[in-house]
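Work through the following exercises with the structure open beside you. Try each task before you read its solution.

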Amino acid sequence: MGTATGTSAPTTDAAARDRVLTLVGGAWRELPPGAGDRVEATWVIVARPGDVPEAARRYGSSDTTIAVLEHRGPLAHALDAGHSRRARVDRTPDGDVVLTAPTLSFVEETRDVHTGTLTCVVTDHVVITAEQGDAAVLDHAAARLCNGPAMTGPGVQQVLAAVLKTLVGSAADVEVALGEAVATMERLVFSTERTDDPLEPIYDLKREIAEARRALGPVTSVLPDLISDTEDPSVEHPARAWLPHVQGTADRIDRHLEGHDSLLDAMLQVHLAQVSVRQNEDMRKISAWAAIAAVPTLVAGIYGMNFRHMPELSWTYGYPLVLAGMAVVCVVLYRLFRRSGWL
C-alpha cells in the first residue's frame with residue numbers, strides 16, 4: 001500500500017514515458033507536487049500495457065498484486081487482434097484491485113467498431129492504468145478529472161469513477177453512432193427507388209453490433225463484482241453513489257444494441273420479401289409476354305405443317321388476314337395483361 005505522501009519512483013525510460021496526475025488540496029493536476037505539498041493520491045497512466053507490472057513495483061504495489069498482473073491478468077496473454085478481450089476483477093489480500101475491461105470506439109468513415117483493453121490497478125493512494133486501442137478512455141478521463149466537476153470520495157475512488165464513467169460513456173457514443181447507421185440503412189431498405197443491394201451492409205452492421213456487444217458484455221459482468229462491495233448498508237462506501245448508475249447505463253446500452261440488431265433482422269426480412277415480390281413481378285411480365293408470343297407461334301406452327309390440303313392456302317387474302325388476326329389477338333392480350341397489372 002502507498003502512503004498519503006506518495007511514493008518516489010526511480011527514473012527509468014519507462015517511468016519517463018508515464019503520465020502522472022496528483023491530487024493536492026482536493027484538486028487534480030498534471031504537475032509535480034511542490035515542496036511541502038501533501039499528495040492525497042497519485043494516478044499513473046502507463047504508456048504501454050506491458051509496463052504495468054514494472055510501474056506497480058516502482059509505486060510500491062505488493063508482490064501479490066504484481067503476481068496477478070503477470071500471471072492471472074490480461075497481460076499474461078498476447079494482446080493481438082485475434083485475442084478475445086476479457087473483463088475481470090481481481091482482489092488481493094492486501095486490498096488492491098486489478099480491473100481489466102475492453103474499450104470501444106467507432107470509425108465513422110468505415111462504420112467499424114474497434115475494441116481495445118484497459119487495465120487499472122487500484123491501491124490505497126495510487127492508481128496505475130494502461131490502455132491499448134484508440135478509444136482514448138484514459139485521456140478523456142484525465143481531462144474530466146482535472147477540468148470537470150469535482151467528484152466525491154477518496155482520491156483513488158475519484159479516478160476509478162472517472163475511468164469507468166468515461167469507458168461506459170465511450171460505449172454509449174458507439175451505440176449512438178451505430179443507431180444512426182442503422183437509421184440510414186432503414187431509409188435505404190425502404191426507399192422506393194432501386195438502389196444497390198443492402199444485404200452486405202446489413203450484415204456488416206450486424207457484425208459491428210455483435211462486436212460491440214461482445215466488448216460491452218464483459219464490462220456489465222464485472223460491474224456487479226464492484227457493486228457487491230457497496231451493498232452492506234452498515235458500511236459507508238464512496239462508490240455507492242455512482243457505481244449503480246454506471247451499471248444501469250451499461251445495461252441500457254446493451255438493450256439499445258440488442259434493439260438495433262433486432263431492427264436489422266426486421267430490415268433483412270423486409271429486404272428479402274421485397275426481392276421476392278420483385279421476382280414475382282418479373283415472372284408475371286415474362287409469363288405475359290410468353291402468352292402473347294404464343295399466339296403467332298401457334299399460327300405459324302399450324303401453317304408450317306406442310307399438309308397438301310389446308311384451308312386458305314390458295315386464297316389471295318389468306319396471308320394478310322392471318323397476320324391481321326394474329327396482331328389483333330396479341331393486342332387484345334396485351335391490353336388484358338396491362339389491365340390486370342401483369343404488364
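**Exercise 1: A residue at the surface**

Task: Decide whether isoleucine 302 counts as buried, partly exposed or exposed, and describe its surroundings.

Solution: Isoleucine 302 has a relative accessibility of 38%, and because this value is neither under 20%, as buried requires, nor over 50%, as exposed requires, the residue counts as partly exposed. Keep in mind that this is a predicted model. The next step is to place the residue, and isoleucine 302 turns out to belong to helix H7. Finally, look at its partners: Ile302 joins Leu298, Tyr303, Met305, Phe307 and Leu313 in a nonpolar patch on the surface, and together these residues have about 580 Å² of accessible area.

**Exercise 2: The whole chain**

Task: Describe the protein chain as a whole, starting with its helices and strands.

Solution: Begin by counting the elements, which gives eight helices and seven strands. Then turn to burial, where 40% of the 343 residues are buried. The accessible surface of the chain comes to about 18,500 Å², and carbon and sulfur atoms account for 56% of that area. As a last step, take the contacts between residues at least 6 apart in sequence, and you find that 63% of them join residues at least 24 apart.

**Exercise 3: The nonpolar cores**

Task: Find out how many residues the largest nonpolar core has and which residues have the most contacts inside it.

Solution: The largest nonpolar core has 61 residues, and those with the most contacts inside it are Trp28, Trp43, Leu164, Leu178 and Leu264. Next, ask where the residues come from: strands and helices each supplying at least two of them include S1 (19–24), S3 (39–46), H4 (137–147) and H6 (199–227). Helix H5 provides the largest share, 18 residues. Apart from this core lies another one of 14 residues, among them Ala55, Tyr59, Val121 and Ala130.

**Exercise 4: Strand S6 and its neighbours**

Task: Work out which strands pair with S6 and in which sense they run.

Solution: On one side, S5 and S6 run antiparallel and are joined by eleven bridges, with serine 105 having histidine 114 of S6 as its bridge partner. These two strands form a hairpin with four residues between them, and in the turn arginine 111 has a positive phi of about 55°. S6 also pairs with S7 (residues 126–132) in the antiparallel sense, here over six bridges, and leucine 118 stands opposite glutamate 131 in S7. This second pair, S6 and S7, forms a hairpin with three residues between the strands. To finish, check how covered S6 is: eight of its eleven residues are buried.

Notes: Residues numbered from 1 in each chain as written. Predicted model: local features only at pLDDT ≥ 70, side-chain atom pairs only at ≥ 80, totals over all residues. Heavy atoms only, no water. Core = buried A, V, L, I, M, F, W, Y, C linked by side-chain atoms within 4.5 Å. Buried < 20%, exposed > 50% of the residue type's maximum accessible area, 1.4 Å probe, protein only. Patch = residues over 30% accessible without salt bridge, like charges linked within 9 Å, V, L, I, M, F, W, Y side chains within 5 Å. Areas by Shrake-Rupley, 256 points an atom, 1.4 Å probe, with all protein chains shown as cover. Salt bridge = Lys/Arg side-chain N within 4 Å of Asp/Glu carboxyl O. Contact = heavy atoms within 4.5 Å. Pairing = 2+ DSSP bridges.
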